[in-house]
Amino acid sequence: MVWPFKRKKETIDLTYLAKRGLIKNSDVSPSASPISADSGLGFLGDMASSAEPSEDTGTKNKIEDIEFKLDNLMKKIDNIIDRLDVVERKTGSYRGSSS
């Protein structure tokens, strides 16, 4: 039997929610890390931490927020332009006409 109101599976992007500030990043303590410094692979973690940019996280979050808002605004403007094109075609006052 097929359910007529079957929901689609949703994927939740936790990194996106963290960037938007809706959830907090969980800090992992070094003792809970599966790779210890004595294992010979601990240098990978040292390299990763030294490669992180020294930019202020508050400034970075503000920049990402502004980029997100600009992206949404651009999508809304494109949607408005598409709607205007449809209205112009229906009314016969399309921009490309030479009347």
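Let's start with a yardstick: a residue is called buried under 20% relative accessible area, exposed over 50%, and partly exposed in between (1.4 Å probe, protein chains only). The model here is predicted, so local features need pLDDT of at least 70 and side-chain atom pairs count only at pLDDT 80 or more, while totals for chains, interfaces and linings use all residues. Residues are numbered from 1 along each chain as its sequence is written, and side-chain values use heavy atoms, with hydrogens and water left out.

**Exercise 1. Work out the fold pattern and say where the predictor is most and least confident.**

Step 1: Go through the secondary structure, taking helices (H or I, at least four residues) and strands (E, at least two) as DSSP runs numbered from the N terminus. You get 3 helices and 0 strands, which reads α-α-α along the sequence.

Step 2: Look at pLDDT, the predictor's confidence in each residue, from 0 to 100. The protein averages 74, and 57% of the residues score at least 70.

Step 3: Split that by element. Helix H2 (residues 42–51) has the lowest mean pLDDT, 68, and H3 has the highest, 93.

**Exercise 2. Check how the span of helix H3 compares with the expected one.**

Step 1: Helix H3 covers residues 57–91, so count 35 residues.

Step 2: The expected span is 1.5 Å times one less than the number of residues. For H3 that comes to 51 Å, and the reach from its first C-alpha to its last is 51 Å, close to expectation.

Step 3: See what comes next. H3 is followed by Gly-92, with a positive phi near 85 degrees.

**Exercise 3. Find the salt bridges and place their partners on the chain.**

Step 1: Search for a side-chain nitrogen of Lys or Arg within 4 Å of a carboxyl oxygen of Asp or Glu. The whole structure yields 3 salt bridges.

Step 2: Take Asp-65 and Arg-20, whose side chains meet at 2.4 Å, N to O. This pair ties together distant parts of the chain: Asp-65 sits in helix H3 and Arg-20 in the loop between helix H1 (14–19) and H2, 45 residues apart. Asp-65 is partly exposed at 25% relative accessible area, and Arg-20 is partly exposed too, at 31%.

Step 3: Stay with Asp-65, which also bridges to Lys-69 at 3.3 Å, N to O. Both lie in H3, 4 residues apart, about one turn of the helix. An α-helix has 3.6 residues a turn, so residues three or four places apart point the same way.

Step 4: Now pair Lys-75 with Asp-71, where the closest N and O atoms are 3.6 Å apart. These two are also in H3, 4 residues apart. Shared partners join Arg-20, Asp-65 and Lys-69 into one network of salt bridges.

Step 5: Check the exposure of the Lys-75 pair. Lys-75 is exposed at 52%, whereas Asp-71 is partly exposed at 33%.

**Exercise 4. Describe Lys-19 and the surface of the protein.**

Step 1: Lys-19 is in helix H1 and is exposed, with a relative accessible area of 51%.

Step 2: Compare positions with Lys-60: the two are 41 residues apart in sequence and 9.8 Å apart in space, C-alpha to C-alpha.

Step 3: Zoom out. Buried residues make up 3% of the 99 residues. By the Shrake-Rupley method with a 1.4 Å probe (for residues, only the protein chains shown count as cover), the protein exposes about 9,800 Å², with carbon and sulfur atoms supplying 58% of it.
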